[in-house]
Amino acid sequence: PVAAALNVTLESSSDPGLTEAVLEALVDASDAAGCHGLCAAVDSLLTSLCQASLVLSQSPEAAMIAVAKSSKAQGALQALVKAALRQGGVIRQGWKHVLGVVTGLHSMGVLPLSFPADAFAAPPSSPLP
């Protein structure tokens, strides 16, 4: 119920502050679900973030334009990466959508050349989950 309410709020939000708060709440919800081993909930939350990123909804060219114009989509991409990094060990079916977004970003040519080597590497000072 909480995820559904956050998704409706995210879709209808035009206020940047509210959008940022909702995206952070989705990441926090994925953290809470991950702490309890609720794989399906984490997958659902990540799928919502993937959809909000707009990368999966269109051709690569159209998606690139849509993402460039939408701060909400850009925020969703940032939230998606943050949640995937934190909950990588709990994600199951959600990887399909996460990798779909990564593939879409690659098709757009917007990933850095070093992406495959360091994309999901934990920072040196932080312990692995």
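Which exposed residues does the face of H4 turned away from its buried side carry? I started my notes with this question, and I keep in mind throughout that the model is predicted.

**Entry 1, helix H4.** On the face of H4 turned away from its buried side I found the exposed residues Glu61, Ala68 and Lys69. I then looked up the buried residues of this helix, which are Ala63, Ala66 and Val67. Looking down the axis of H4, I see that these buried residues fall within an arc of 95°, so they line one face of the helix. As a general check, I recalled that an α-helix has 3.6 residues a turn, so residues three or four places apart point the same way. I also asked what the buried residues of H4 pack against, and the partners turn out to be helix H5 (71-87) and helix H6 (94-108).

**Entry 2, the loop before H4.** Between helix H3 (39-52) and helix H4 (60-69) there is a loop, and I went to Leu54 within it. The phi angle of Leu54 is near 70°, which I noted as a positive value in a residue other than glycine. Is Leu54 buried, exposed or partly exposed? Its relative accessibility is 25%, and because buried means under 20% and exposed over 50%, Leu54 counts as partly exposed.

**Entry 3, helices H1 and H2.** Two packed helices are described by the angle between their axes and the distance between the axes, and I looked up both values for this pair. Helix H1 (residues 2-12) packs with helix H2 (residues 16-35) at an angle of about 150°, and their axes lie 9 Å apart. Since angles over 145 degrees count as roughly antiparallel, H1 is roughly antiparallel to H2. The crossing of the two helices, H1 and H2, is left-handed. From H1, the residues making the contact are Leu6, Asn7, Thr9 and Leu10, while H2 contributes Leu18, Thr19, Val22, Leu23, Ala25 and Leu26. Sorting the contact of H1 with H2 by class, I have seven nonpolar residues, three polar ones and no charged residues.

**Entry 4, the whole chain.** Stepping back, I recorded seven helices and zero strands as the secondary structure of the chain, and reading along the sequence gives the pattern α-α-α-α-α-α-α. What percentage of the 129 residues in the chain do buried residues make up? The value I have for buried residues is 36%. Finally, I looked at how contacts are spread over the sequence: of the contacts in the chain with a separation of 6 or more, 61% are accounted for by residues 24 or more positions apart.

Technical notes
Residues are numbered from 1 along each chain as its sequence is written. This is a predicted model: local features need pLDDT of at least 70, side-chain atom pairs count only at pLDDT 80 or more; totals for chains, interfaces and linings use all residues. Side-chain values use heavy atoms; hydrogens and water are left out. Axes are lines fitted to C-alpha atoms, for helices over the stretch in contact, and angles run from 0 to 180 degrees between N-to-C directions. Helices (H or I, at least four residues) and strands (E, at least two) are DSSP runs, numbered from the N terminus. Angles under 35 degrees count as roughly parallel, over 145 as roughly antiparallel, 65 to 115 as roughly perpendicular and the rest as oblique. A crossing is left-handed if the near helix is turned anticlockwise from the far one by less than a right angle, and right-handed if clockwise. Contact means heavy atoms within 4.5 Å. Ala, Val, Leu, Ile, Met, Phe, Trp, Tyr, Cys and Pro count as nonpolar, Asp, Glu, Lys and Arg as charged, and the others, Gly among them, as polar. Buried means under 20% relative accessible area, exposed over 50%, partly exposed in between (1.4 Å probe, protein chains only). The arc is that of the directions from the helix axis to the C-beta atoms.
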